[in-house]
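Thanks for sending this one over. Here are some notes to read with the model open beside you.

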Amino acid sequence: MEEGYEILIRGLVQGVGFRPFIYRLATAYRLNGEVINRTGGVTVTVECDRETADRFIADIRNLAPPAASIRSVEVRRTGTGGFSGFKITPSIDAGETITEVSPDIAVCDDCLADLATDQGRIDYPFINCTNCGPRFTIIKALPYDRAATTMAPFQMCKGCAAEYSDISDRRFHAQPVACNSCGPVYMLKAGDLNITDINEILQCISHRLAAGTSVAIKSTGGYNLMCDALNEKAVSELRLRKERDRKPFAVMFRDTDAIREYCYLEKDEETVMLSWRRPILILRQKKPLAPAVSSGLNTIGAMLPHMPLHYMLFKIIGTPAVVLTSGNLSEEPIIKDDLQAERDLMPISGCVVSYNREITNRVDDSVIRMIGGNVSLIRRSRGFAPQPVELNRVAEGIFAAGAEQKNSLCIGKGTQAFMSQFLGDIKNVATYDYYHETFRLFSSLFRFTPSSVVCDMHPDYLSGSFAEELAEGNGLPLMRIQHHHAHAVSVMAEHHLTGRVIGVIMDGTGYGTDGNIWGSEFIISAASDFERYTHFDYLVMPGGDAAADEPWRMAFSCLYGYFGSDYDFTSLKLFRTIDEKKLAVVREMLSHGINSPLTCGAGRFFDAVSALLMLCTKASFDSEAPMMLESAIAGITDDFYPFAISETVCLGQTFHEIIRDIGRTDVSLIAARFHNTMAHIILDVCIKIRNDTGLKEVVLSGGVFQNRYLLEKSLYLLSMNKFNVYTNHQVPSNDGGISLGQLLVAAERRGLCV
Ligand code: ZN
Ligand code: FE
């Protein structure tokens with residue numbers, strides 16, 4: 001019997017070719033009805049029998065466009081409405097409507113094929129369709145319509161307009177639709193050169209790469225700097241000019257074959273790599289590129305082409321791999337404005353390739369590491385932002401300010417958490433401006449008015465000052481959330497965990513309720529509150545922040561703390577390489593407690609071991625010492641060092657044994673044993689907590705869990721011992737995920753249950 005069915009589909013279904021897809025599917029089914037963009041989703045009405053409706057709905061789920069993500073499908077029976085045929089009804093801006101904004105989508109295979117065959121788009125580097133192209137980076141307002149994007153100044157030509165309005169066309173309502181005669185164009189500037197022909201531009205870039213020089217190129221979400229990744233002189237020259245420390249550069253490879261030549265690429269890694277999000281993946285290195293690419297590490301941050309220009313370039317350049325790094329001055333946000341690019345990047349590269357479409361929202365490349373077969377986000381940006389995280393609580397009106405380094409902010413709309421793209425370290429003035437800019441953007445884009453504000457407990461975080469001003473200025477309540485509680489709750493938020501769980505947070509730093517620096521936290525965590533169960537022994541950080549920059553200081557402090565002031569430091573090679581005066585100053589600090597805050601941050605213990613093994617005594621970028629330590633692991637061992645768990649966790653015996661091993665045992669083995677020790681501590685404390693409380697759900701978070709070896713080992717040991725373990729997949733486990741945790745704590749405390 002024929003009836004009417006109203007199907008409400010929620011999720012990321014706008015700006016991803018969803019309505020044309022529904023249209024084609026309904027037409028194939030010969031259904032009468034309509035599809036319309038509605039509040040928070042798309043409504044499809046069809047008239048058919050029950051069985052057909054079921055098949056149709058199953059096909060919607062199974063065949064949806066790649067970038068769409070269906071969160072829920074609700075079906076309601078209605079009367080038959082006398083539709084003739086199937087139509088796309090224009091969307092109504094209902095005012096209260098907020099819809100999701102699609103992240104940017106890598107160019108699709110159909111469009112790449114069109115580059116050779118579509119007469120109006122031969123070699124057109126801004127080709128796109130409803131399945132691909134820029135989204136978040138060009139949007140100014142909702143609803144997502146061409147007039148509300150930075151494509152507005154480009155008047156569609158007849159051909160494009162026809163495709164744009166032809167329901168059966170792949171470019172139907174593709175807002176950035178354009179072609180050679182009407183769309184944006186690239187231009188290259190270098191010295192007196194000023195080139196606008198795309199093939200000449202490609203030739204020029206190719207010559208520069210071959211000559212060992214670099215190029216600044218405007219990408220989807222900002223400018224990148226590019227050079228040949230096989231040319232050591234070119235890479236080190238770029239490092240020098242960019243004033244970039246040893247922090248690894250990302251590398252774009254021609255294709256997966258090229259990746260396989262230089263990296264180990266597992267099947268799951270390949271799948272993520274080829275996905276429309278096209279992130280950077282941290283892969284294990286097989287064959288070295290230019291050494292300056294990732295100085296000393298055994299990993300490569302690899303990505304594949306995602307813009308038409310990248311594909312066109314790899315067709316003509318000799319090298320299979322180019323360095324592609326953010327175009328910025330160190331610590332500043334990625335540059336998106338053309339004038340600033342010329343001012344700041346021309347001196348670095350001598351050549352700037354830009355295009356005449358404005359970037360509204362900048363995004364960096366996202367960075368992922370596959371851990372235990374799952375996505376672990378290190379940087380959440382292009383291809384991910386601003387896709388929301390679904391909560392099991394109403395978080396409407398909550399603004400979460402995030403942390404400080406790797407900052408992201410987050411706003412609550414209904415039961416959704418809209419987290420910003422990676423913003424960076426907001427201590428940097430330009431990055432703090434970017435933070436303000438992003439807050440304004442998210443407020444207007446998602447029609448957000450804050451009703452409560454939440455931030456970190458740290459008294460000196462700029463995100464905290466911002467939150468204070470926002471709360472005071474608007475008479476709103478302000479909540480301060482402990483850093484590691486927020487880390488734990490970020491995992492609870494992702495997995496909809498309720499009740500109490502065991503939180504294991506291995507982190508760098510975070511302000512504790514006792515005023516010390518925390519970061520090896522075992523907590524009993526509920527979404528609203530937490531109780532600290534235990535942590536590693538406090539260590540002294542001689543010189544405060546200087547100790548985080550100079551891991552040898554942490555090594556000294558560890559031995560001083562565990563073995564006393566009489567310890568024979570010069571028996572270790574490490575301390576024989578350090579200037580005696582510096583050693584004396586550090587000793588002074590330790591004995592008198594001058595400028596010596598206490599920390600139990602797990603990262604500092606990794607620092608100490610990395611320094612003792614002479615892998616990294618002075619860090620040139622955040623986490624370098626722990627990364628070098630993980631990188632040193634080779635071969636397999638289950639051995640671990642002894643440790644003691646009482647009120648706190650004592651690593652005295654661990655360090656005693658490590659020192660005994662130094663010089664006698666391979667560094668790679670010591671590194672592995674130390675990692676295993678950490679995993680065994682985690683296991684043993686969790687067992688102790690389970691015995692005390694009966695809890696067996698464990699959440700693992702904190703920046704230290706970006707360490708693949710440690711996380712996989714911990715996951716293995718915990719699951720072998722019948723714990724249910726949860727980690728971050730939608731947001732980073734580092735401080736980039738803090739704002740999500742803060743948001744849920746605030747929502748929970750407000751007590752609005754769904
Ligand atoms: Zn396409
Ligand atoms: Fe943290």
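**Notes on the predicted model**

1. Let's begin at the metal. In this predicted model, the iron ion (ligand 2) has as protein donors His483 (NE2), His487 (NE2), Asp507 (OD), Asp507 (OD) and Asp735 (OD), lying 2.0 to 2.8 Å from it. Donors here are N, O and S atoms within 2.8 Å of the metal (3.2 Å for Na, K and Ca), and since water is not among the atoms, sites may look incomplete. Along the chain, these donors are spaced as H-x3-H-x19-D-x227-D. The site links distant parts of the chain: His483 belongs to helix 13 (residues 483-495), while Asp735 sits in the loop between strand 32 (724-726) and helix 23 (738-750), 252 residues apart.

2. Are these two donors buried or exposed? His483 counts as buried because its relative accessibility is 0%, and Asp735 counts as buried because its value is 12%. The classes are buried under 20% relative accessible area, exposed over 50% and partly exposed in between (1.4 Å probe, protein chains only).

3. A word on conventions. Residues are numbered from 1 along each chain as its sequence is written, with chains lettered from A and ligands numbered from 1 in the order in which they are written. Local features need pLDDT of at least 70 and side-chain atom pairs count only at pLDDT 80 or more, whereas totals for chains, interfaces and linings use all residues; side-chain values use heavy atoms, leaving out hydrogens and water.

4. An automatic or database assignment divides the chain into domain 1 (2-92), domain 2 (186-355), domain 3 (369-482 + 735-750) and domain 4 (539-678). Between domain 3 and domain 4, the C-alpha centres are 34 Å apart.

5. Strand 15 (residues 352-355) is covered on both faces, with Val352 and Ser354 buried on one side and Val353 and Tyr355 on the other. Helices (H or I, at least four residues) and strands (E, at least two) are DSSP runs, numbered from the N terminus; pairing requires at least two DSSP bridges between strands. Strand 6 (residues 186-190) pairs with strand 15 in the antiparallel sense over 4 bridges, and Leu188 has Val353 as its bridge partner. Strand 8 (residues 215-218) runs parallel to strand 15, joined by 2 bridges, with Ala216 partnered by Val352.

6. Finally, the packing. The largest nonpolar core (buried Ala, Val, Leu, Ile, Met, Phe, Trp, Tyr and Cys residues joined through side-chain atoms within 4.5 Å) has 106 residues, of which Phe18, Val44, Phe56, Ile205 and Phe399 touch the most other members. Helix 11 (residues 429-445) provides the largest share of this core, 7 residues. Apart from it lies another core of 66 residues, including Ile371 and Leu590.
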